[in-house]
Amino acid sequence: MNARKYVDRCLLELFDNGMRVTEQRKRMLSIVANSKHPQTAMELYRKMKRTFPGLSYETIYLNLKLFLDLRFIESMLLGNEVRYRALPSVHDPHVQYICMDCKKAIQVSFDPSHPAFPTPEQFKSVNYKLDIFGYCRDCCDRGGSPAVQ
């Protein structure tokens, strides 16, 4: 996903819907778009606090709710934490492989019209979400889990 295009697309949609385009919203979208792993609300707060010292934790949650409602981001439960990541456009389909140790997400392009898994003939897919959880090579090499082949 091109992070700059993603942020621009989201900001344009905010503007088109009569919502304020603030520096905080720009920065938050940029952090989410450029992250190698899904972020928790606390991780976002800590990163945002550096640039916006007066920022409240409530502001993070209000913007996360807005971004979820507008389908800019999606939430996922990883371990016992809710994490947030950029929702790719329909034109950028992919599968996410998410490491359960370091939380890194590895994206692999995916064509939903030619899935590698069985699909019933009498079914036409219009949307999908596919996340695969396991352990990345770096975490396996540190001895935390089974070796990656």
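Below are some worked exercises on this predicted model.

**Exercise 1. Getting your bearings**

Find how many helices and strands the protein has and in which order the elements run.

*Solution.* Start with the totals: the secondary structure comes to 5 helices and 5 strands. Next, read from the N terminus, where the elements run α-α-α-α-β-β-β-β-β-α. For a first look at burial, 34% of the 149 residues of the protein count as buried. Finally, turn to the contacts between residues at least 6 apart in sequence: 49% of them join residues at least 24 apart.

**Exercise 2. The two sides of helix α1**

Work out which residues of α1 are buried, and where they lie when you look down the helix axis.

*Solution.* Begin with the helix itself. Helix α1 covers residues 3-16, and its 14 residues reach 20 Å from the first C-alpha to the last, close to the 20 Å expected at 1.5 Å a residue. Then pick out the buried positions, which are Ala3, Tyr6, Val7, Cys10, Leu11 and Leu14. Seen down the axis, these buried residues fall within an arc of 125°, so they line one face of α1. Now turn the helix around: the face pointing away from the buried side carries the exposed residues Arg4, Lys5, Leu12, Phe15 and Asp16. As for packing partners, the buried residues of α1 pack against α2 (23-34), α4 (57-69), β1 (73-78) and β2 (81-86).

The ends deserve a look too. At the start of α1, a side-chain oxygen of Asn2 comes to within 3.0 Å of the backbone nitrogen of Arg4. Just after the helix, Gly18 takes a positive phi of about 75°.

**Exercise 3. From α1 to α2 by way of Val21**

Locate Val21, decide whether it is buried, partly exposed or exposed, and list what it touches.

*Solution.* Val21 is found in the loop between α1 and α2. Its relative accessibility is 33%; since buried means under 20% and exposed over 50%, Val21 counts as partly exposed. Not counting residues up to four places away in sequence, Val21 touches Leu11, Leu14, Phe15 and Lys26. Take Leu11 as one of these: Val21 and Leu11 are 10 residues apart along the chain, and their C-alpha atoms are separated by 6.4 Å.

Continue into α2, whose 12 residues reach 16 Å from first C-alpha to last, close to the 16 Å expected at 1.5 Å a residue. The buried residues here are Arg25, Met28, Leu29, Ile31, Val32 and Ala33. What covers them includes α1, α3, α4, β1 and β2.

**Exercise 4. The nonpolar core**

Identify the residues with the most contacts inside the largest nonpolar core, and find which element supplies its largest share.

*Solution.* The largest nonpolar core has 26 residues, and those with the most contacts inside it are Tyr6, Leu29, Ile60, Leu64, Phe72 and Ile73. At least two residues of this core come from each of α1, α2, α3 (41-51), α4 and β2. The largest share, 6 residues, is that of α1. To see the neighbourhood of one core residue, take Leu64: leaving aside neighbours within four places in sequence, Leu64 is in contact with Met28, Ala41, Leu44, Ile73 and Tyr84.

**Exercise 5. The β1-β2 hairpin and a buried arginine**

Determine in which sense β1 and β2 pair, and explain why Arg85 counts as buried.

*Solution.* Approach the hairpin from the loop between α4 and β1, where Arg71 is found. The phi of Arg71 is near 65°, a positive value in a residue other than glycine. Then compare the strands: β1 and β2 pair in the antiparallel sense over 6 bridges. Together they form a hairpin with 2 residues between them, and Gly79 in the turn has a positive phi of about 70°. Two of the partnerships can be checked by eye: Ile73 has Ala86 in β2 as its bridge partner, and Glu74 has Arg85.

That brings you to Arg85, which is found in strand β2. Arg85 counts as buried because its relative accessibility is 6%, and the cut-off is under 20%. To finish, look at the side chains: that of Arg85 makes a polar contact with that of Glu74, at 2.5 Å. Glu74 is thus linked to Arg85 both as bridge partner and through this side-chain contact.

Key. Residues numbered from 1 in each chain as written. Predicted model: local features only at pLDDT ≥ 70, side-chain atom pairs only at ≥ 80, totals over all residues. Heavy atoms only, no water. Helix = DSSP H or I, 4+ residues; strand = E, 2+ residues; numbered from the N terminus. Expected span 1.5 Å × (residues − 1). Buried < 20%, exposed > 50% of the residue type's maximum accessible area, 1.4 Å probe, protein only. Arc of directions from axis to C-beta. Contact = heavy atoms within 4.5 Å. Polar contact = N/O pair within 3.5 Å; in protein donor to acceptor, adjacent residues only side chain to side chain. Pairing = 2+ DSSP bridges. Core = buried A, V, L, I, M, F, W, Y, C linked by side-chain atoms within 4.5 Å.
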